[in-house]
Each structure stands twice: as C-alpha cells, then as structure tokens.
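Biologist: I'm new to this one, so could we go through it together? I'd like to ask how you know what you say about it.

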Amino acid sequence: MRFFFTIYVALRALRRNKMRSILTALGIIIGVGAVIVMVSIGDGSEAQIEAQIAALGQNIILVYAGSATSGGARTGYGGAGNLSIPDALAMKNEVRDVIAVSPEIRGNSQVLANGLNWATRIMGESEDYLDMRQWPLSEGAMFTEQEVRTSAKVCVIGKTIVTNLFPDGDPVGKTLRIRNMPFKILGVLVPKGFSLQGTDQDDMVMIPYTSAMKRFSRQTFLPFVNVQADDSEHMAVAEQDISNLMRDRHHINEGRDDDFTVRDQQEIADAAAATTATMRYLLLAVACVSLIVGGIGIMNIMLVSVTERTREIGIRMAVGAHGSDIRMQFLIEAVVLSLMGGLLGILMGVSGSKFLSWYNHWPTLISTVAIVSAVIFSGAVGICFGYYPASKAAKLDPIEALRYE
Amino acid sequence: MSSVIKLENIHKVYDSGEVKVHAVRGVSIEMQKGEFVALMGASGSGKSTLMNLLGCLDRPTEGRYLLDGIDVSNLNRNELADIRNKKLGFVFQGFNLLSRTTALENTELPMLYGKRGTSRRQMRERAMNCLKIVGLGNRADHFPSQLSGGQQQRAAIARGLVNEPQVLLADEPTGNLDSRTSIEVMGVFQRLNQEGITILMVTHELDIARYCKRNIILRDGELVNDIQVPDRLIADDEIRRLQEAEAAAKLTK
C-alpha cells in the first residue's frame with residue numbers, strides 16, 4: 001500500500017477545494033465544539049456543586065429532635081424538646097467514631113452597631129462548628145470552649161454583616177447589639193457565598209449555643225445537633241451507634257419508633273450526582289446526533305466528489321492505480337475532513353467555554369476525556385461515512401470512468 | 001526480434017442480457033519493437049473495443065493476448081493495473097490531464113502508482129526529462145487550463161512515456177486538435193518512434209494515418225487490411241510546407 005503517497009494525494013485534493021472542505025467539516029466542527037462547551041459547563045458546575053457539598057462539611061451527621069403535637073398541630077422536626085445538651089455531649093463522648101458535635105439553635109433578630117441596624121440570622125453553635133464545616137476566619141478568632149461553657153456574650157460574624165453594619169471595616173473587637181444585649185465581635189468569617197438553596201451564608205451572626213439558649217430561645221432543649229464522624233467509611237456505623245445511644249438515653253423500648261431522626265448529607269450528594277448523570281446522558285445524545293449529522297454531510301459531499309471526479313478516477317486507474325489505492329484516497333479524504341472538523345471543533349469548544357466563563361462567569365472545566373473522545377469519534381465518523389463513497393469509487397470500471405463526461 | 005504485442009484470434013462479445021454484441025471477431029495482430037501503427041476503422045468497426053483490450057483495460061472473451069511475452073488475457077483487475085502501469089503508456093483523445101494539477105505533477109502520476117523505492121527527486125527528474133522530450137520543459141509548472149490543446153496533448157504524451165513503457169497507446173490523439181496542431185503532435189510521435197518507441201494509435205483520419213509506418217484497417221470487428229504505408233508523410237516537412245503556404249497568403253511573416 002502506497003500509504004503516505006495516498007495521504008498526500010488526499011490532502012492535495014482537499015486543499016484544492018478549501019471552501020467546500022471547510023463547509024463539509026462544519027457539521028463536525030459545530031458538533032464537537034458544542035459537545036466540548038457543554039461538557040465543560042457540565043463539569044464546571046459539577047465541580048462547583050461538589051465544592052459546595054464539601055463546604056457543608058465532611059462526614060457530617062445531623063441528629064434532629066422528634067416532632068411534638070400540641071393542640072392537634074404538629075411541630076415538625078426539632079419541636080419535641082427531647083434533645084438535650086447532655087444528649088449532644090454523650091454523642092461526642094460515648095460514640096467511638098464521633099470527633100465533634102455542635103448543637104445548633106437558629107433564630108432571626110435585628111442587630112445593631114454603629115447606629116445602623118440589620119435583620120439577620122443568629123446561629124448558636126459550639127466552638128467546633130467552624131472546623132466541622134471547614135469554614136475559616138478571615139480575621140480574629142472563634143469563641144472558645146470556655147466561652148461556650150459560660151454562655152459568654154461573644155460572636156463571630158459573616159461578611160454581609162460587616163458590609164452592612166461596619167462599612168468602614170475593622171469590626172473585630174467592637175460590639176454588636178442583639179436584642180439590646182452587647183456581644184463582642186471576636187472574628188469575621190471568610191465569605192462563603194450563596195448556598196445551593198440560595199440563602200446568603202454570610203448573612204449571619206454566630207454565637208455560642210449556650211448563649212443562644214439562655215438569652216434568646218430561653219429553652220433547654222435543642223432542635224438539632226451537628227455531629228462529625230472521623231471517616232466517611234464510619235458514617236453508617238456512627239449513625240447506628242448514635243441511634244442506639246439515643247434510644248437508650250430516651251428509654252425507648254424495643255419495637256417503638258425513634259423520637260429523633262438521624263440523617264446525613266449523602267442524600268444531597270446523591271441528588272446532585274443524579275442531576276449530573278441525567279445531564280451527561282443528554283450530552284451524549286446531543287453528541288451522537290451531531291456527529292451523525294456531520295457524518296452524513298461528509299458522506300454526501302464525498303459522493304458528490306466521487307461523481308465529479310469519475311474521470312480522474314479513470315485516469316488514475318488507467319495509469320495503474322488499484323481499486324484499493326482509490327478507496328484509500330477517498331477514505332483518507334473523508335477521515336482528514338472529519339478529523340480536521342474535530343480539531344477545529346475542539347478549538348472552537350475550548351475557546352467557547354473560555355469565553356462563557358469569562359463573559360457569564362460560569363464555572364467551566366475543559367475535559368481532556370471530551371477532547372480525546374472527540375478526536376477518536378470524529379475519526380471514526382470519517383471512516384464509517386467515508387467508506388461507502390470510497391468503495392463506490394474503487395469499484396468504478398476504468399473504461400466507463402474515462403468515458404464519463 | 002520478439003513481438004511486443006501478439007494478439008491470437010481475439011474475440012470480444014458484449015453480453016447485455018438479450019442481445020449479444022460481437023464487437024471483435026477473431027483478430028490476430030503482431031507488432032514488433034519500433035513499429036508505428038495506425039489502427040483504423042469507421043465507428044462501430046470495433047477499434048475502440050480492440051484498443052481497450054490492447055490497453056489491458058478489458059479482457060478478451062476468447063483468444064490470447066501476449067504483451068511483451070506475458071499472457072495478459074486472464075489477469076485480474078489489480079494485475080492488469082500493474083501491467084498498464086509498467087508496460088503501457090496512454091494518450092487519450094480528450095487529453096485527460098488532472099485539472100488543477102501542474103503539467104509536471106500530471107507527468108509524475110504513473111510513477112506514483114508504480115514500484116516503490118523511487119525517491120521524490122528521481123520522480124521530479126524523470127518527469128521533467130519527459131516534458132523536455134515533448135518540448136514542454138519551460139511549461140512544467142503550468143496547469144492544463146493554462147496550456148493550449150497541443151501543449152496539453154504533449155503533456156499527456158510525456159505522462160505516457162514516464163514509466164518507459166513497451167508500447168505507447170494513443171486513442172484518437174489528434175481528434176480534439178486543429179490540423180496544424182495535429183501535425184505537430186504527429187511530429188512528436190514520429191520523433192519518439194525514431195528513438196525506438198513502439199506506438200500504436202487509433203484514428204479515423206486517413207491523412208493522420210499516413211504519418212504512421214503501418215496501417216491496420218478494421219471493419220465489423222474483423223481485420224480487413226494490414227499494409228505498410230508507401231508514401232509516408234514526415235511531419236517536419238509538412239509543417240515547413242504549411243509555413244510557406246501561410247507566408248504566401250500573408251497570414252504570417
């Protein structure tokens with residue numbers, strides 16, 4: 001097989017018909033480009049979702065108090081008032097795989113400072129909360145165990161509070177009033193942005209949960225407790241152990257329902273994964289359709305090209321070309337066309353996704369897998385859709401072909 | 001001297017379903033090295049069919065065809081292609097050059113499908129040489145559209161020569177040319193023949209046939225006449241005579 005020479009002939013034929021070659025490859029160019037853009041957007045948002053899920057904290061288990069019924073109205077999770085601070089401490093001290101707990105109390109309040117005021121979320125947490133959520137401070141420090149134990153009037157605040165109450169900056173060491181009670185600001189949290197549900201995670205004031213219970217909710221029970229396990233492998237065991245411990249502490253007999261609920265964030269991660277999987281199947285379908293359409297375009301033009309160049313084929317055969325030489329020539333033309341389309345498509349896709357992330361601030365992630373498979377598939381499309389026209393050319397009778405007008 | 005071409009009782013029957021067309025009926029021809037033969041006949045005489053057989057583009061239904069001592073009657077498609085490439089040079093009525101391809105590259109074409117191991121430079125040199133032989137050395141990088149009919153046909157002849165064939169087969173080589181250019185092309189053939197190249201051409205023009213050494217006449221698929229040309233025309237003389245006539249008519253200086 002005079003392979004390299006045949007490649008040379010094919011390339012020359014394509015060069016002679018530049019415009020047509022480009023238009024033919026356009027189907028593949030757009031198909032591959034679109035797939036790469038969509039995959040990079042998909043991967044980018046998936047990476048963002050993963051980062052947000054990770055930011056919720058690693059190996060976090062949530063223990064909710066049960067619901068209570070009062071006058072026919074049921075309270076929902078956390079309303080039963082049967083989850084206590086000793087329960088939370090027992091989880092930390094008695095369950096082997098638990099490394100940290102943070103009882104949580106949430107409320108809303110108007111906060112004042114600098115003569116300005118702002119309605120925000122008040123979160124009562126333990127000193128471990130920031131480590132559990134992997135949430136660092138940009139300045140200052142978190143309150144200590146000592147301050148939690150003494151229900152100290154201290155807080156750390158989110159970026160949104162700084163913006164709205166301390167426009168001049170530098171809030172650490174200053175005082176902030178919550179329901180007329182002065183709280184000393186110990187630190188400012190690194191901005192986290194919006195959560196998956198769309199709430200501004202930086203719009204809040206964090207105080208020791210003990211302070212929140214004593215000074216605001218005036219309750220002795222907890223709606224829920226954040227628990228952190230030491231390893232993702234131990235999550236199931238830890239959840240089971242917590243469950244057993246709580247049943248034991250709440251004296252729940254065999255066969256009766258729990259008066260609490262243990263959940264983890266696996267469900268959120270699963271939901272996100274399912275969304276991405278659906279998106280991937282859609283992308284795959286789009287990719288297949290566009291490559292087939294592009295391939296048909298190539299087959300169409302190759303058929304035209306074979307007819308148009310019947311005489312050339314006749315001449316080549318007359319001077320000694322085998323059928324296989326002719327087939328190879330047209331096949332290589334088709335493959336070069338589609339590969340060229342693939343490469344231009346990659347170029348277009350990569351620059352397209354760069355543009356989108358620059359212009360729309362969408363997170364994009366260029367996928368090497370998408371690029372490699374784009375090259376492989378466009379080559380394969382060239383072979384599949386080029387084979388029929390090429391074989392047709394190879395089977396021509398030289399006498400007929402030479403006589404063709 | 002061994003025969004370059006030896007046809008033994010060649011028959012060709014086209015079977016298109018119901019009607020059988022007996023295009024060639026038992027033709028035997030022998031050609032020696034250095035001959036210059038015109039194959040003549042009216043249309044439908046079977047000369048094109050015979051030419052396709054001689055050109056190894058088609059296989060005879062019956063009979064034997066020895067080309068340079070090789071029996072090519074029963075070779076398959078690829079073997080025939082290789083024989084065409086090695087032993088034959090083709091010149092067509094419609095020139096059949098690849099458009100948008102230079103004269104030089106057109107001339108190289110048969111070598112590209114030939115035996116391996118010829119370097120690009122050798123190909124260039126051989127093609128260039130052949131173009132010089134036909135007097136197109138200064139037009140090597142011209143495209144067919146930039147060449148006159150006579151020049152195109154000469155490029156085609158160069159292509160036919162490039163693989164040093166045993167026989168140069170020309171199918172109505174002057175059919176698309178005016179009379180003067182026809183004589184010029186015949187001059188090229190005569191010069192090549194003087195240098196020892198065997199030429200077989202098909203023509204229906206009697207005056208063109210008179211430039212050849214031997215005429216073979218076909219009628220209804222049978223060989224009816226095979227003569228040596230007695231009063232052979234010499235192209236160079238004819239051109240000179242033409243120039244004188246043109247000068248006399250004040251067409252040229």
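Modeller: Let's take the helices, the strands and then the contact between the chains, keeping in mind that this is a predicted model.

Biologist: Fine, start with a helix. How do you know what span to expect for helix α2 of chain A?

Modeller: Helix α2(A) covers residues 18-55, which is 38 residues. The expected span is 1.5 Å times one less than the number of residues, and for α2(A) that comes to 56 Å. From first C-alpha to last, α2(A) reaches 52 Å, close to that value. There's a bend too, of about 40°, at Leu26(A). After the helix comes Gly57(A), with a positive phi near 115°.

Biologist: Why is Arg20(A) called partly exposed?

Modeller: Arg20(A) lies in α2(A). Buried needs 20 or more other C-beta atoms within 10 Å, and exposed needs 12 or fewer. Arg20(A) has 14, so it falls in between and counts as partly exposed. Its C-alpha is 44 Å from that of Ile49(A), 29 residues apart along the chain.

Biologist: Where does α12(A) bend?

Modeller: At Tyr387(A), by about 45°, and Pro389(A) follows within four residues. Helix α12(A), residues 368-394, reaches 37 Å, close to the 39 Å expected.

Biologist: And which domains does chain A have?

Modeller: The domain assignment gives domain 1 as 3-52 + 270-403 and domain 2 as 58-264. Their centres, taken over C-alpha atoms, are 56 Å apart.

Biologist: On to strands. What makes β7(A) and β10(A) a pair?

Modeller: Two strands pair if there are at least two bridges between them. β7(A) and β10(A) have two, so they qualify, and the sense is antiparallel. One bridge partner set is Ile157(A) with Val205(A) in β10(A). β7(A) also pairs with β9(A), residues 181-189, in the parallel sense over four bridges. There, Val156(A) stands opposite Gly187(A).

Biologist: Which way do the residues of β7(A) point?

Modeller: Val154(A) and Val156(A) point one way, Cys155(A) and Ile157(A) the other, and all are buried. In a regular strand the side chains alternate between the two faces of the sheet.

Biologist: What makes β2 and β5 of chain B edge strands?

Modeller: The open sheet of four strands in chain B has the order β2-β1-β4-β5, with antiparallel pairing. β2(B) and β5(B) each have a single partner strand, so one side of each is left without a neighbour in the sheet. Further in, β1(B) and β4(B) pair over five bridges, and Leu7(B) stands opposite Tyr65(B) in β4(B).

Biologist: Which strands of chain B form a hairpin?

Modeller: β9(B) and β10(B), with two residues between them. Six bridges join these antiparallel strands, and Ile217(B) stands opposite Asn225(B). In the turn, Asp220(B) has a positive phi of about 50°.

Biologist: Last topic: how many residues does each chain give to the contact?

Modeller: Chain A gives 17 and chain B gives 20. On the side of chain A that touches chain B, the elements with two or more residues are α1, α10, α11 and α13 of chain A. Of these, α10(A) gives the most, five residues. That side of chain A divides into nine nonpolar, three polar and five charged residues.

Note on methods: Residues are numbered from 1 along each chain as its sequence is written. Chains are lettered from A and ligands numbered from 1 in the order in which they are written. This is a predicted model: local features need pLDDT of at least 70, side-chain atom pairs count only at pLDDT 80 or more; totals for chains, interfaces and linings use all residues. Two residues are in contact if their C-beta atoms, placed from the backbone, lie within 7 Å. Ala, Val, Leu, Ile, Met, Phe, Trp, Tyr, Cys and Pro count as nonpolar, Asp, Glu, Lys and Arg as charged, and the others, Gly among them, as polar. The bend at a residue is the angle between axes fitted to the seven residues ending there and the seven starting there. Domain bounds come from an automatic or database domain assignment.
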